[in-house]
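Visitor: I am new to this structure. Please take me through one part of it closely, the nonpolar core.

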Amino acid sequence: MPEEHEAEQQEQSEQPEQVGQSEQPEEAPVDSPTGWVAAHIRRYDRSGGKEGAKWYGLDTLLLTTRGRKSGKLRRTAVIYGRDGDNVVVVGSNGGKPEHPLWYLNLVASPEAHVQIGEEHLDVRARTATAEEKPDLWKLMTGLFPQYKSYQKKTTREIPVVILEPVEP
C-alpha cells in the first residue's frame, strides 16, 4: 500500500513551514525513494491526475507535507476516504511500530496539499478525536479492510487523520 512505506521516504523538519499551494514557490517535492511508490506518484503527477487516482481499485491521493527536519516538501500516495467536505487518511504504516513519517510531518506542520485526481486542495490536518475516530475508522476499514489487521499487528494506536480544506 502506498502508506505502508512512508517511514522510508519522508524526512522530518525541525522548523515547520506552510505547505499550501498558494504559499509555496515553485518548489518541487521530493517523492518516495521506494521504487513502486515513486512510479505511482510519477504516473499520477505526469497525467495531471487522470491516471493513478485508482490503485488496485482503491482511491488514492497525493499528499504533500513539509519535512520536519529538512524543511523540504515531501510527497506520497495515500488511500483516502471522504467525510463530507473533509478527506480522511489513515497513518497505518503497514502496522509497523512507528507512525509513518508523513503523519509526523503533519503533526509538526498541519498545513499540507493534496491532489485528488485532477483536483488540488490546500488542507489543514488534524488527528481524529476519540469521539470522531470510531465512525471514521469504520469508513476507512470499509474501504480497505486490511487496516484492521495492521492495528492488530502493532501496539501503537493507528491514527485517522482528517484533512480539512482551507481557502488559499
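Guide: What follows goes through the nonpolar cores and then two residues in loops. The model is predicted, so local features need pLDDT of at least 70 and side-chain atom pairs count only at pLDDT 80 or more, while totals for chains, interfaces and linings use all residues. Residues are numbered from 1 along each chain as its sequence is written, and side-chain values use heavy atoms, with hydrogens and water left out.

A nonpolar core is a set of buried Ala, Val, Leu, Ile, Met, Phe, Trp, Tyr and Cys residues joined through side-chain atoms within 4.5 Å. Buried means under 20% relative accessible area, exposed over 50%, and partly exposed in between (1.4 Å probe, protein chains only). The largest such core has 17 residues, and Leu 61, Leu 63 and Leu 163 have the most contacts inside it. Two or more residues come from each of β3 (58-66), β6 (86-90), α3 (101-108), β7 (111-116), β8 (119-127) and β9 (160-165). Helices (H or I, at least four residues) and strands (E, at least two) are DSSP runs, numbered from the N terminus.

A second, separate core has 15 residues, including Leu 58, Ile 79, Val 88 and Trp 137.

Leu 61 has contacts (heavy atoms within 4.5 Å). Not counting residues up to four places away in sequence, Leu 61 touches, among others, Tyr 44, Val 78, Val 89 and Ile 116.

Now the loops. Tyr 56, in the loop between β2 (54-55) and β3, has a positive phi of about 50 degrees although it is not a glycine. Tyr 56 is exposed, at 76% relative accessible area. Asn 93, in the loop between β6 and α3, also is not a glycine and has a positive phi of about 50 degrees. Asn 93 is buried, at 0% relative accessibility.
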